[in-house]
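Hello,

Here is the structure we talked about handing over. Please have a look, then read on for what turned up in it.

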Amino acid sequence: MRFRLPASFHTSKTVRLHTFAFATLAIAGSAITTFFRVYSVDIFYFDIYFPIAIGHLVLAAASLFGVFAVSWTIFQALARRGPHEPLGQTHFWLTLAGILLSVGCMSAFTVGLARSAVSATNAATLTMYALFLTLGAQLVLPVAALMSFFRPKTD
């Protein structure tokens, strides 16, 4: 089996979703980090360094989606089976929801929407639950890979 570039664009929807999330989050994280790394801009708007950390968190999430896209592509090539689409897409959407919810809560805390002690505690609790959702979504990935072995082989 040899690699053909045009055939790689006709992959499963799961791989395309992960690739799109990788590209979108990488561009967004780069824009956030590039804009706020200027010290005068960061201090003028926020007087803290959290926006830079949020940009780096978005970049880390982008790399996570890139790893998932490459993993599913390699799985398809080696096992000659397509991914289990419903479980693969469930994994994608749960992971994306958890990451966006955690980044959104941290952003709300950073820009001052949650500066009081009660709001900060609620934002931290919601962020923790979002991260638990993200980690729990990763349990779907091995199940999806295992269920993919029961699909018919593709050539």
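Along the sequence the pattern runs α-α-α-α-α-α-α. That makes seven helices and zero strands. Keep in mind that this is a predicted model.

Some overall values. The protein has 155 residues, and 37% of them count as buried. Its exposed surface is about 9500 Å², with 74% supplied by carbon and sulfur atoms. Take the contacts between residues at least 6 apart in sequence: 77% of these join residues at least 24 apart.

Now the cores. The largest nonpolar core has 14 residues. Leu25, Phe65, Phe92, Ile99 and Val103 have the most contacts inside it. Three elements give two or more residues each: α2 (13-36), α4 (50-79) and α5. Helix α4 provides the largest share, six residues. Another core, of five residues, lies apart from it; Val15, Phe75, Ala79 and Ala144 are among its members.

Val103 is worth a look in the viewer. Beyond its neighbours within four places in sequence, Val103 is in contact with Ile54, Leu57 and Val58.

Next, the aromatics. The structure holds three aromatic pairs. In one of them, Trp72 and Phe75 have ring centres 5.8 Å apart and planes at 90 degrees, so this pair is edge-to-face. Both residues sit in helix α4, three residues apart, about one turn of the helix. An α-helix has 3.6 residues a turn, so residues three or four places apart point the same way. Trp72 and Phe75 are both buried. Elsewhere, ring pairs link Phe65, Phe92 and Trp93 into a cluster.

Two threonines also deserve a check.

Thr95 lies in helix α5, which spans residues 85-110. Is Thr95 buried or exposed? Its relative accessibility is 0%, so Thr95 counts as buried. The Thr95 side chain reaches the backbone oxygen of His91 at 2.7 Å. Setting aside neighbours within four places in sequence, Thr95 is in contact with Leu64, Phe65, Phe68, Thr134, Ala137 and Gln138. Phe65 appears here again: it is also one of the residues with the most contacts inside the largest core.

Thr33 is in helix α2. At 12% relative accessibility, Thr33 counts as buried, because the cut-off is under 20%. Which residues does Thr33 touch, leaving aside its neighbours within four places in sequence? They are Ile52, Gly55, His56 and Leu59. Thr33 and Gly55 are 22 residues apart in sequence, yet their C-alpha atoms are 4.9 Å apart in space.

Last, helix α7, residues 140-148. Its buried residues are Val140, Ala144 and Ser148. These cover an arc of only 75 degrees around the axis, which puts them on the same side of α7. The face turned away from that buried side carries the exposed residues Pro142 and Leu146. Ala144 also belongs to the core of five residues.

If you open one view, try α4. Helix α4 gives six residues to the largest core, and the edge-to-face pair of Trp72 and Phe75 lies in it too.

Best wishes

Conventions. Residues are numbered from 1 along each chain as its sequence is written. This is a predicted model: local features need pLDDT of at least 70, side-chain atom pairs count only at pLDDT 80 or more; totals for chains, interfaces and linings use all residues. Side-chain values use heavy atoms; hydrogens and water are left out. Helices (H or I, at least four residues) and strands (E, at least two) are DSSP runs, numbered from the N terminus. Buried means under 20% relative accessible area, exposed over 50%, partly exposed in between (1.4 Å probe, protein chains only). A polar contact is a pair of N or O atoms within 3.5 Å; within protein, one must be able to donate a hydrogen and the other to accept it, and residues adjacent in sequence count only if both atoms are side-chain atoms. Contact means heavy atoms within 4.5 Å. A nonpolar core is a set of buried Ala, Val, Leu, Ile, Met, Phe, Trp, Tyr and Cys residues joined through side-chain atoms within 4.5 Å. Rings of Phe, Tyr and Trp (its six-membered ring) pair if their centres lie within 6.5 Å; planes under 30 degrees apart count as stacked, over 60 as edge-to-face and the rest as tilted. The arc is that of the directions from the helix axis to the C-beta atoms. Accessible areas come from the Shrake-Rupley method with a 1.4 Å probe; for residues, only the protein chains shown count as cover.
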